[in-house]
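Subject: Structure handover

Hi there,

Here is the structure I promised to pass on to you. Please have a look at it first, and then read on for what turned up when I went through it.

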Amino acid sequence: MSVGRNDPCPCGNGKKYKQCCLGKASPTEVARTKKISLGTLVIAVAALITGLAVSVPAGLAVGVIGLGLIGLWLWLFAPPPKRAGGADPSAINYGR
């Protein structure tokens, strides 16, 4: 279900959607951002530990491979959600 800018906000506070929740991150976006941040932190720590324990090139390899795996996971399983309220850049029709 799509919510228009001037429709009542689905959160139920009685305001218009554009004055309430338009532009705020949805809970799924917040959870996705937290997962990305946590994964990146884990990869950075693993790369640092590997670089100190084994060698710097091995640490760099762990970091690059780990970030590549995070990128692959995002591309395959967690694409960004479409924005509500017509703010999706891919929905621009240029007046056609």
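The protein has three helices and zero strands, so along the sequence, with the cut for helices at four residues, you will read α-α-α. Please keep in mind that this is a predicted model.

On confidence, the average pLDDT of the protein is 79, and 78% of the residues score at least 70. Among the elements, helix 3 (residues 56-77) has the highest mean pLDDT, at 88, while helix 1 (residues 17-20) has the lowest, at 80. A general caution applies here: where pLDDT is low, the predicted coordinates should not be read in detail.

Next, the chain as a whole. It counts 96 residues, and 15% of them are buried. The accessible surface comes to about 7,500 Å², and carbon and sulfur atoms hold 67% of that area. If you look at contacts in the protein with a separation of 6 or more, 33% of them join residues 24 or more positions apart.

Helix 2 may be a good place to start browsing. This helix runs over residues 27-53, which makes 27 residues. From its first C-alpha to its last it reaches 39 Å, close to the 39 Å expected at 1.5 Å a residue. Ile43, Ala47 and Gly51 are buried in helix 2, and helix 3 is included in what covers the buried residues there.

Now to the cysteines. How many disulfides does a search of the whole structure find? The count is zero. Two cysteines are worth a click all the same. Cys9 has a relative accessibility of 7%, so this residue counts as buried, the limit being under 20%. Cys20 also counts as buried because its relative accessible area is 13%, again under 20%.

Last, a residue in helix 1: Lys18. Is Lys18 buried or partly exposed? Its relative accessible area is 32%, which lies between the 20% and 50% limits, so Lys18 is partly exposed. Leaving aside neighbours within four places in sequence, Lys18 is in contact with Arg5 and Asn6. Pro8 is 10 residues away from Lys18 along the chain, and their C-alpha atoms are separated by 8.8 Å.

Happy browsing, and do write back with any questions.

Best wishes

Technical notes. Residues numbered from 1 in each chain as written. Predicted model: local features only at pLDDT ≥ 70, side-chain atom pairs only at ≥ 80, totals over all residues. Heavy atoms only, no water. pLDDT = per-residue confidence, 0-100. Helix = DSSP H or I, 4+ residues; strand = E, 2+ residues; numbered from the N terminus. Expected span 1.5 Å × (residues − 1). Buried < 20%, exposed > 50% of the residue type's maximum accessible area, 1.4 Å probe, protein only. Contact = heavy atoms within 4.5 Å. Disulfide = S-S within 2.5 Å. Areas by Shrake-Rupley, 256 points an atom, 1.4 Å probe, with all protein chains shown as cover.
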